[in-house]
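Reader: I've got this one open on my screen and I'd like a close look at a single part, the nonpolar core. Could you walk me through what sits there and how it fits with the rest?

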Amino acid sequence: MNFKKKLRTRLYIAISYIVLGVALIVTAFIAKMENEYLSPIGFAFAVIGIARVKQYFLISKNDETIKKQEIRETDERNISISNKAKSFSFSLYIMLCCIAIIVLQILGKSDLVNILGLTVCALLIFYWISYFIIRKKS
């Protein structure tokens, strides 16, 4: 994929974040829901979208900055660091959830134990499915 086209796709995604954020905020105020999370999530989507749009315009202001960003994203060392960070985050999340499950079980919070256990299982299922797909393609 052409890198400029990739950047343009990221711009459209960022704009959709802004639209989604505004829609969530408006829905929260119009519907006057008892959900205190809807408008903050909408605000977060809008802020992230605005930051991504700003980043797009900073990167795409000339061909030199586009080329520097492309090198940053395609450099093997940076890709390796990113993959190691993702792997570490995945392992850390699984370990922390398992510790939390044990502590919550001792405290008698079985509802939270079930939720955390299901998220760990779902994440591991997604991991194994993606592992086999990527292994087959490689």
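Author: Sure, and let's start with the backdrop. This is a predicted model, and just 17% of the protein's 138 residues count as buried. Buried here means under 20% relative accessible area, and that cut-off matters for who gets into the core.

Now the core itself. The largest nonpolar core is made of eight residues: Phe3, Leu7, Leu11, Ala14, Val53, Tyr56, Ile59 and Ile66. Two helices, α1 (3-31) and α2 (38-59), each put at least two residues into this core. The biggest giver is α1, which supplies four residues. As a rule, nonpolar side chains in soluble globular proteins tend to be buried together.

Phe3 is a nice one to click on. Leaving out residues up to four places away in sequence, Phe3 touches Ile66, Gln69, Glu70 and Glu73. Ile66 is itself a member of the core.

Zooming out, the protein has five helices and zero strands, so to speak an α-α-α-α-α pattern when you read along the sequence. Its radius of gyration is 20 Å, whereas a compact globule of 138 residues would have one near 14 Å. Along the principal axes, the C-alpha atoms fill a box of roughly 60 × 50 × 25 Å. Even so, if you take the contacts with a separation of 6 or more, 58% of them come from residues 24 or more positions apart.

As for the outside, the protein exposes about 10,900 Å², with carbon and sulfur atoms supplying 68% of that.

Terms used:
Residues numbered from 1 in each chain as written. Predicted model: local features only at pLDDT ≥ 70, side-chain atom pairs only at ≥ 80, totals over all residues. Heavy atoms only, no water. Rg over C-alpha atoms; globule rule 2.2 N^0.38 Å. Buried < 20%, exposed > 50% of the residue type's maximum accessible area, 1.4 Å probe, protein only. Contact = heavy atoms within 4.5 Å. Areas by Shrake-Rupley, 256 points an atom, 1.4 Å probe, with all protein chains shown as cover. Core = buried A, V, L, I, M, F, W, Y, C linked by side-chain atoms within 4.5 Å.
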